[in-house]
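Visitor: Please show me the model, and then let me ask why things are called what they are called.

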Amino acid sequence: MSADSGAITRAEVAHLARLARLAVNDQELDVFADQLDVILGAVARVGEVAADDIPPTSHAVPLSNVFRPDERRAGLTQEQALSGAPAAEEGRFRVPQILGEEE
Amino acid sequence: MSAPASTPGLVDYDEVVERFDPVLGIEVHVELNTNTKMFCGCPTDFGAEPNTQVCPVCLGLPGALPVVNRAAVESAIRIGLALNCSIAPWGRFARKNYFYPDMPKNFQTSQYDEPIAVNGWLDVELDDGEVVRVEIERAHMEEDTGKSLHVGGATGRIHGAEYSLLDYNRAGVPLIEIVTKMIPGTRERAPEVARAYVTALRDLLRSLGVSDVRMDQGSMRADVNLSLSPRDSGVLGTRTETKNVNSLRSVERAVRYEMTRQAGVLLDGGPVVQETRHFEEASGTTRPGRRKETAEDYRYFPEPDLVPIAPSQEWVEELRGTLPELPWERRKRVKAEWDLSDEELRDLVNAGALDLIAATVAEGAPSGEARSWWVSYLAQQANTRGVELAALPISPADVARVIELVASGELTNKLARQVVDGVLAGEGAPDDVVKARGLAVVSDDGALITAVDEALAGQPDVAQKIRDGKVQAAGAIVGAVMKATKGQADAKRVRELVLERVNA
C-alpha cells in the first residue's frame, strides 16, 4: 500500500475497516478512499525531500535507553481496576462472547 | 505411542519416515522472573487474586505511559548471549495490533523487525549422546497477555461460550520469545529432537536464573511448527503451528502426531492447511484452531511511546561476564571431577539431578553426600509428591547446609532427614527447622552422662555383663539412651560414655 502506487482502492479501505472493526457502508468507502488518498499523498512528499542518508524517524525525541529499575510500585485495587468496566464478575472484566479468533 | 492403525487418515510412523522428511521449527515463550512487569511497576506473582496486580499502564488506560524494565532487558541480553546470538546495537519496540480482549490496550508491545538477539545456536544432546545443533533465528522481548475464562457452553472452550471473564494480572509480564530456524534432517528423530531442544533450553534458562521455567504453570510455553517434504526432495511442505503444548513429553507427542496426521493428508492427495492447531493432552492429538492467513494482519508499527534500546558494547560485555557456568560446560566438568561414566552422567541428567547436585557442591558440600541426598531421599520425596526434583521446595544451599550440619556432628542422618522434611514442609531454612523442632544432637556430655547412668541403673544385669567383658551388650544401653534422647544423641559418643560409666 505504498503511497506512490496511486489511488487507494475501495477494497483496501474495506479491509482496513474490517481490521479496525468499523462498519463502513458503500458510500463511506468512496469518501474514505478519497480522503485517505489525500493523506497518503501529503505524507509521501516527505520522501521527496528526505535524501537516502537520512534515516526514517520513529520518535520526535533523540533519546535511547530510558529505563526504570525493577522495583514494585503500588497499582490499583481490584475495585479501582474494575470501576470503569461496563460489566464485571468474580473480580474479572466481563466481555461479550468472543467470535472467530482463538489464541 | 503411535496412533491406532484403524484411525482413518493417520499413517504408520515408520511409513511417514520412509516417505517424508519432517522439518521442525520451535517457538518458545518464556516469562521472566523479574519483580515487576515489562513496562510498569506491577508485581508479577503467580496465583494472585484477579486484577490485583494491575495499574493504568498495563490496563491501557488513557494517558498512561510505559517505561522499560531494565532488569528485563538485561535478562534478554543474557539469554541472547547464552544462545550464541549477536546482540542488536539498536532496536525498537513495535505495536502488534489485534482485537482480542486478552490485551486491554488492543495491541501487544513486542519487537518486530528489530529483535534484541539474532543468529545463534544451541547444541542439544539426544538420549543416546548424539549432539544436534539447533540454529536460533532470534530472541525478542514482548509482554504476556491476560488470562481469559470462557463462561457457558459445554466445553469451557471459546466456541459456545456465552461470555468471557478477563484477569489482567499476567498482562504485561516480561516475555522472551525464542525462535529457531528451520531444523531439517532430523528424520525419525524429529519428535526426540524437539523434546531435547526444549529440555536443553529450559535447563539453560534455569541456570541463567532468568525464569521459573515451569511449563505446568505456563511460565515456559512451546509452539511446535512442523511440515513434511517428500523424502529427499528438498521441497518444503506447508507447515502447521501447534500450540498448548504444556510439557516436555507433550512436545514429543505433538510432533509425532502431526507427522502421522500430515502424512495422511498428503497421501490422500489433499493439501495440508496452514493453520494453528491445539494439542489435546488427554488424547495426544491436535485439533484445528484459527487459520493463519486471515489472522496475521497485525499492522506492526514502531511503538511511539518508547524510545529505542541501544545496548553499548560495554554493557553487553559486562552482562557476558555475569553468565554462569552453562549446563553443558558443567556436565563436562562434573563428569571428569566425579569420574562418571557416560551412562551414569546421563542417568543423573535425565533424573534432573545433575545441576542440583553440582549446585549443592558449589555451596560447599562434598559431591558424594550431595549425590546421595538428591538421588535417594529427595528423589523419593519428589516421586511421592509427583513433581520434578527441581520443583521440590528446597534449594541446593539448604541441602548443602544439612550436609554440613551432619558433618559437624550437630545432626545425625536420621535427624537430617527430619530437618529436610521440615524445609520441604515450608518451615524455613535448615537452621530454622533445627531450632523450631529442637532437633540438634545432644552433644552436651553432662546431659548424656545423666541419661547413660539412668539407663545403666535401669538394667543392672546388662551393666554387669558389660563389666564382665561382654562389650557387645552395650548396644542395649545405647538403644535405651537413644530412645530417651529421642534419637538426638550421637550413638558413637553414647557408646563411649556407656563403656566409661559402667565402671564408674
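**Terms and values**

Guide: Asp232(B) lies in the loop between β11 and β12 of chain B. This is a predicted model, in which local features need pLDDT of at least 70, side-chain atom pairs count only at pLDDT 80 or more, and totals for chains, interfaces and linings use all residues. Residues are numbered from 1 along each chain as its sequence is written, chains are lettered from A and ligands numbered from 1 in the order in which they are written, and side-chain values use heavy atoms, with hydrogens and water left out.

Visitor: What makes β11 and β12 of chain B elements with a loop between them?

Guide: Helices (H or I, at least four residues) and strands (E, at least two) are DSSP runs, numbered from the N terminus. In chain B, β11 covers 220–230 and β12 covers 240–245. Chain B has 17 helices and 15 strands by this count.

Visitor: Why is Asp232(B) called exposed?

Guide: Its relative accessible area is 59%. The classes are buried (under 20% relative accessible area), exposed (over 50%) and partly exposed (in between), found with a 1.4 Å probe and protein chains only. Since 59% is over 50%, Asp232(B) is exposed.

Visitor: What is the phi of Asp232(B)?

Guide: It is near 60°, a positive value in a residue other than glycine. Most residues other than glycine have a negative phi. Asn244(B) also has a positive phi, near 65°, but its place is in strand β12 of chain B.

Visitor: Why is Asn244(B) called partly exposed?

Guide: The value for Asn244(B) is 37%, so it falls between the two cut-offs.

Visitor: How do you know which residues Arg231(B) is in contact with?

Guide: Contact means heavy atoms within 4.5 Å. Leaving aside neighbours within four places in sequence, Arg231(B) meets this with Val17(B), Glu18(B), Arg19(B), Phe20(B), Asp21(B) and Arg187(B). Arg231(B) is in the loop between β11 and β12, and its relative accessibility of 31% makes it partly exposed. The C-alpha atoms of Arg231(B) and Asn169(B) are separated by 47 Å, with their positions 62 residues apart along the chain.

Visitor: What makes Phe39(B) and Phe93(B) an aromatic pair, and why is it called edge-to-face?

Guide: A pair of aromatic rings is described by the distance of the centres and the angle of the planes. A search of the whole structure finds 7 aromatic pairs over all chains. In one of them, Phe39(B) and Phe93(B) are 5.3 Å apart centre to centre, with 80° between the planes. Rings of Phe, Tyr and Trp (its six-membered ring) pair if their centres lie within 6.5 Å, and planes under 30 degrees apart count as stacked, over 60 as edge-to-face and the rest as tilted. The distance is within the limit and the angle is over 60, so the pair is edge-to-face.

Visitor: Where in the chain are the two rings of this pair?

Guide: Phe39(B) is in the loop between β1 (20–31) and β2 (68–69), and Phe93(B) is in the loop between β3 (86–87) and β4 (94–97), 54 residues apart. Phe39(B) has 4% relative accessibility and counts as buried; Phe93(B), at 3%, counts as buried as well.

Visitor: Why are Tyr298(B) and Tyr300(B) called edge-to-face?

Guide: Their centres are 6.1 Å apart and their planes are at 80°, so they satisfy both the pairing distance and the edge-to-face angle. At 14%, Tyr298(B) counts as buried, whereas Tyr300(B), at 27%, counts as partly exposed. Ring pairs join these two with Tyr98(B) and Tyr112(B) into a cluster.

Visitor: How do you know that the charged end of Arg94(A) sits over the ring of Tyr163(B)?

Guide: A charge sits over a ring if NZ of Lys or CZ of Arg is within 6 Å of the ring centre and within 35 degrees of the ring normal. The charged end of Arg94(A) is 3.4 Å from the centre of the Tyr163(B) ring. Arg256(B) lies over the face of Tyr13(B), at 3.9 Å from the ring centre.

Visitor: How many residues of each chain count as buried?

Guide: Of the 504 residues of chain B, 51% are buried. Of the 103 residues of chain A, 17% are buried. Chain A has 3 helices and 3 strands, in the order α-α-β-α-β-β from the N terminus on.
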